[in-house]
Structure formats: C-alpha cells, structure tokens
Amino acid sequence: MSIINTIADPLAKVTARIQQAALAVSRSPDGVRLIAVSKTQPATAIKQAYVCGQRDFGENYVQEALEKQAELVGTSDVIWHFIGPIQSNKTRAIAENFAWIHSIDREKIAQRLNAQRPSDLPPLQVCLQVNIDDENTKSGVSLTEVSALAKAVSAMPRLQLRGLMAIPAAGNTAEQQHVAFAKLRNALIGLQAQGYAVDTLSMGMSGDLEAAIAEGATMVRVGTDIFGARVQTE
Ligand SMILES: *Cc1c(COP(=O)(O)O)cnc(C)c1O
C-alpha cells in the first residue's frame, strides 16, 4: 500500500493558508469551510483528498460529476456542492445528487430544483450567485435583484436559503478583490437585516482566498491550488 498521495501536500498548504488568513483578521479558522473544486479532475484525485480528510467537493458539470460520484466507493459522507451554471434540463440530476448549490440566479431554476428535490433527502442548501463586478459575461443576479430572488427562494420548502456566492472579475487588484468581497458581505448583512436566516458567504478561490476570508468568507472554493492546473479549458 505504498501509493503516493500527490494531493496531501497541496491540500495541507491550502488549509494552512486558510488558517493564517483567518487568524490574521482574528477569525476562527473553523469558520471557513474549504470546498475542494474537483471539476475536470479524475475520481482518483477526489479519493486522495478524501483520504486526507477532505469531505466537501465542488463540481461544475453535471454529467462529469455523476460519473465520478458513481466511481467513488466508500465515500458516502462526501458533501457535494454544485457551483457551475445551471441549465433547465439538468436541474433534476442536480436536485437528486447534490447537497448544496451555490449558483442559483433565476427564480425559474429555483422552482424546478424545489419541485425536483426528492422528499427523502433534506432540503437543498442554496446560495444565490451575485454578479458582483457587473460583468456582462458572468452569471449571477445584480446586487439590486438579490432581495427579490431571496424572497422567492425562501418561500420554497425544499430549498433552504443559506447565503450568497460570487466570482469577482479576473485580474482584480488586491484592493479591488477586497472591494468586491465586501460588497457581497454587505449584501448578506442586508438580507439578515430583512430577517432572513442566512449565514453563508461562498467567496474566494485559489488566487484570492486571503482577501475573501478577510472580508468574511465562510466557504472558499479552491481547485487549482489543491489539484493542479485543469486539463480542459472553460
Ligand atoms: C473553477 C471554480 C473554482 C476554483 O477556481 P480555482 O482558481 O481553480 O481555485 C471556484 N469557484 C467556481 C465557481 C469555479 O467554477
């Protein structure tokens, strides 16, 4: 059993970065959950991270995720997070095979997920994706639309609204990263002030997790710095 685990070292480094970033702003590292983003990576890579104790994994492509879920044995306590754009014809597969969805940005998609979530499973834990830098090309609701979508989603019994997710513009300076993440935090505070029991800020990736944690991230989604560069381009 001398298989070399190539994920152990980078995973430990990312975990150490999360701890440092949290402690630097006097937050408890336990308040930041690491989602290992395994899109385009093989099931064997997921298994290696699992062996190291990692339990939360993020995927962007439904078909690819289902194939890997089927390949993985002895990992039934994995928590699967769907973090990619959601097509209408994929909602059933997502509702049946994921615990969390970070990328809800349309009421119609939320309605389908609510209708299709199997009754023997707990409600889907969901975040609304916000287009924080107002990029034309990016999914997500604008900040002004967050409140209306939150109202609609919170009325859906098979969805549990947990918070907000964002992917800031690529190429932001460190200062711009902080500004973008602070906007998302303020949007979450706004929802809390309206009475929503939301507690999740899904923000921060390989290149900007420190800024995200400084601004209050409770979940960071890290792919490249755990698994290495992705083979496919997106
Ligand atoms: C791919 C992806 C990530 C991970 O990005 P890295 O830069 O590889 O850490 C995080 N969130 C979402 C939504 C993604 O699509």
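Visitor: What makes E210 and R17 a salt bridge?

Guide: In this predicted model, the closest N and O atoms of E210 and R17 are 2.8 Å apart. The cut-off is 4 Å between a side-chain nitrogen of Lys or Arg and a carboxyl oxygen of Asp or Glu, so the pair counts as a salt bridge.

Visitor: Which parts does the pair tie together?

Guide: E210 sits in helix α8 and R17 in helix α1, so the salt bridge joins parts 193 residues apart in sequence.

Visitor: Why is E210 called partly exposed?

Guide: Its relative accessibility is 33%. Buried would need a value under 20% and exposed one over 50%, so E210 falls in between. R17, with 22%, is partly exposed too.

Visitor: How do you know that D105 and R106 form a salt bridge?

Guide: Their closest N and O atoms are 3.8 Å apart, and the limit is 4 Å, so this pair also qualifies. The structure holds 10 salt bridges.

Visitor: Now to the loops. What is notable about the phi of S26?

Guide: S26 has a positive phi of about 55°, although it is not a glycine. This residue lies in the loop between α1 and β1.

Visitor: Why is S26 called exposed?

Guide: The relative accessible area of S26 is 70%; exposed means over 50%, so the word fits.

Visitor: And T40, is that residue buried or exposed?

Guide: T40 is buried: its relative accessible area is 12%, and the cut-off for buried is under 20%. T40 lies in the loop between β1 and α2 and has a positive phi of about 65° without being a glycine.

Terms used. Residues are numbered from 1 along each chain as its sequence is written. This is a predicted model: local features need pLDDT of at least 70, side-chain atom pairs count only at pLDDT 80 or more; totals for chains, interfaces and linings use all residues. Side-chain values use heavy atoms; hydrogens and water are left out. Helices (H or I, at least four residues) and strands (E, at least two) are DSSP runs, numbered from the N terminus. Buried means under 20% relative accessible area, exposed over 50%, partly exposed in between (1.4 Å probe, protein chains only).
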